[in-house]
Structures are given as C-alpha cells and as structure tokens.
Amino acid sequence: MAKAAILEQPGEGLRIAEVTYADPAPHEVLIDTKACGLCHSDLHFIDGHYPHALPCIPGHEAAGVVRAVGSEVKTVKPGDHVVSCLSAFCGHCEFCVTGRMALCLGGDTRRAKGDASRIAFADGSPVNQMLNLSALSEQMLIHEHACVAIDKDMPFDRAALLGCAVTTGAGTIFNACKVTPGETVAVVGCGGVGLAVINAAKIAGAAKIIAADPLPEKRELAQVLGATHTVDALAEDAAKQIIALSGGGVDWGIEAVGRQASADLAVASLKRGGTAVILGMMPLDCKVGLSAFDLLGGKKLMGALMGMNHFPVDLPRLVDFYLRGLLDLDTIIAERIPLEQVNEGFNKMRAGHSARSVVVFD
C-alpha cells in the first residue's frame, strides 16, 4: 500500500488515500518516489480547466529510487536514482525516429484496454494514471521510457524539478530554440518554467535576457537566475519597454504562463525575424496569432511541448550542470512540504507569489 493524493472531483482539492500497485509488466518500473514538484499543469486538471478520467493521481515532476523492474527492462535497475518525465516515448513511431520524442503519443507506453490497472484502491477499483506518471504518491509504476537514471550525488528535491519545469524551460533554450551566444530573449512569466528558461538562456550566452512578470518578487528571482533586465508584464507599455531594452525587439519571445495576454506580449516583443514560443497551457479556447505585418517581417510562432526534449540525454546533462554549479535549482524551490500539505501547496501556487513547492517523501 502507498499513500497518494487523489483527484476525485475537479474543484474539490485532493484527498490523501492508500492505493496499491500492480507488479511491473515486462517494460515497467516500480519507483519509490522521493520528491515531487507541484506544477501549474497539474492545477489545470485539479481545477477542471482540462479534462481527465477520474479518479486519478496528479503529479508529473518527480525523482525517486527504483524498487523493481519488469523482465525486459534494460535502461534502469533496482537501486538506481531516477527522474521521471511525462513525455514517455515508444522509440519507433514517426516522431521518435525523426528525433522529436516529445511529440510521441506513447500508446505503447501505457497498458492496453482490458489489462489490469497499474494503480488501484484497496477494494480493487482502478485509479487512472495522469500524464504517464501520477507522481503525487509514495510510489510510481511507469514505463521504462518514462524515466532515466541520474548521478546519485544529485539531491532528490532538486532532481524532481528536472522532470518538468527545467526540462521544459532549458529544453526550449537548448533544443527548440537552439539559442546562440549574443541572441536576445524575453521571458514572459517567472514561475518554475520561466525561471528555468532564464537560467538556461544565461548558460547559452544570451546577450540580453528580459524577464516580464507582474510580481516584483518574481522579477527579483529572475535576476538571481540570470535576467539582465526586468519589466512589469502588466505595464501598458511592456512591449515597448522590451523592444527598447533589446534594441529593436528580441530574437526569442518565450511565453511561460499559459495566458492569452502573456502570449500576445511575447509576440509583440519580437524583432524582425524573431520567434515567439508558447510553453504555457492556455485555456482551450485561446488562440495566438501573427498579423500580416508580422508575417511580412519574417516573424514566427511555435509551440515547444516539454521543451522538445530528448530527456534520456538531456536530464543527465542537466544534473551535471547542477553539480558543476552552472544550473541554479536551489533558488527555484520555495518550500518543501509533506504529501499531507499538497492542497496548501497548490493554494500558494494559485496566489502566484512564490516559485516551486516540492513534496518530499520520507
């Protein structure tokens, strides 16, 4: 039996209950969860803005220790320290074989209809798995292609952040944008993902990194992580300020919130030939666009799901960056809490004044 945070009805918070896990199938891994970051993406499901089969266990930004593996698992072994990643990949679809693993639909990484559920309540009724992981639980049972072994010197609470926020933010800079030294970057939204974008842009050698956020405390965090300038995102002239600071607009305008206005600001901040990158999960009825004049100026718009990561390669490198002092994960963590305080952690996220809360398991 393992304790987990259960979502039964959107808008009603999470209930702590005990669940059971099946034995690992041939390509599955059973993990003792050690830490799980609270991500705004979870909140979209918890509050009912995005649909999901219920009941389920949220959580998708985690690190832990492998307890057991299935008979065919080749990538990890019991005792390994691992980080999980929601972008589980099959390895043989069109997206995987063309190097776009983050776009894999991952059908082969989930149990087939009719198979026993990976997770169940004590009475045997199934619990749905969210985003291939369901990490707000003392254990996870996942496909081997949803985790990667890391250096055991890496602290679990920092490692957990790599599973979503940092993989998305840093992946966007290194993989999706391939930022080169001297380019300019504007980051709209300085939560966990936005701060990771800023830190990675600094590592990549961006000349100017302009952080836009309405909260002064978030802008201060952005400067600690490498922002060269900050702007109040709600200022009427925010786009004009970014254009002035960057000398005519930025090469990359990166939206890391999930709001229409922040996406529009990212687009409005671009120079000729610049690209806006939308990372946030916006309301499903939102649309982001380029005007005819933008298109004539060679401006571009794109999404970058999970930073277009190659996580089996990316995550160990990010661990190395942290251990060498290049990647600042300590600043991103605002608090460490037990599973029983998960609802309070999400309430702090709704307030928007702090960075990452991390659930730490004994």
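Which residues does the domain assignment of the protein chain give to domain 1, and which to domain 2? Domain 1 takes residues 2-163 together with 328-360, whereas domain 2 takes residues 170-304. The structure described in this report is a predicted model.

## Annotation and overall make-up

The UniProt record, an unreviewed entry, places the feature "domain: Enoyl reductase (ER)" at residues 11-359. Over residues 11-359, helix accounts for 29% of the chain and strand for 25%. The C-alpha atoms at the two ends of this stretch are 20 Å apart.

## The two domains and their interface

Domain 1 is assigned in two segments, 2-163 and 328-360, while domain 2 is assigned as the segment 170-304. The C-alpha centres of domain 1 and domain 2 are separated by 28 Å. Their contact draws 14 residues from domain 1 and 13 residues from domain 2.

Between them, domain 1 and domain 2 bury about 1200 Å², and 64% of this area is on carbon and sulfur atoms. What is the count of salt bridges between domain 1 and domain 2? The count is zero. Five residue pairs are, however, found in polar contact across the interface of domain 1 and domain 2. On the side of domain 1 that touches domain 2, helix H1 (residues 40-46) gives the most, with three residues. By class, this side of domain 1 has five nonpolar, seven polar and two charged residues.

## Local features of the backbone

Two places in the backbone may be considered in turn. The first concerns Leu54 and Pro55, which are joined by a cis peptide bond with an omega of about -5°. Pro55 is located in the loop between H1 and strand E4 (56-57). Helix H1 is also the element that gives the most to the side of domain 1 touching domain 2.

The second concerns Lys178. Where does Lys178 lie? Lys178 is in the loop between helix H3 (156-176) and strand E11 (184-188). Its phi is near 50°, which is a positive value in a residue other than glycine.

Notes. Residues are numbered from 1 along each chain as its sequence is written. This is a predicted model: local features need pLDDT of at least 70, side-chain atom pairs count only at pLDDT 80 or more; totals for chains, interfaces and linings use all residues. Side-chain values use heavy atoms; hydrogens and water are left out. UniProt positions are given in the numbering used here, feature names are shortened, and annotations may be inferred rather than shown by experiment. Helices (H or I, at least four residues) and strands (E, at least two) are DSSP runs, numbered from the N terminus. Domain bounds come from an automatic or database domain assignment. Contact means heavy atoms within 4.5 Å. Buried area is the accessible area (1.4 Å probe) that two parts lose on being put together, summed over both. A salt bridge is a side-chain nitrogen of Lys or Arg within 4 Å of a carboxyl oxygen of Asp or Glu. A polar contact is a pair of N or O atoms within 3.5 Å; within protein, one must be able to donate a hydrogen and the other to accept it, and residues adjacent in sequence count only if both atoms are side-chain atoms. Ala, Val, Leu, Ile, Met, Phe, Trp, Tyr, Cys and Pro count as nonpolar, Asp, Glu, Lys and Arg as charged, and the others, Gly among them, as polar.
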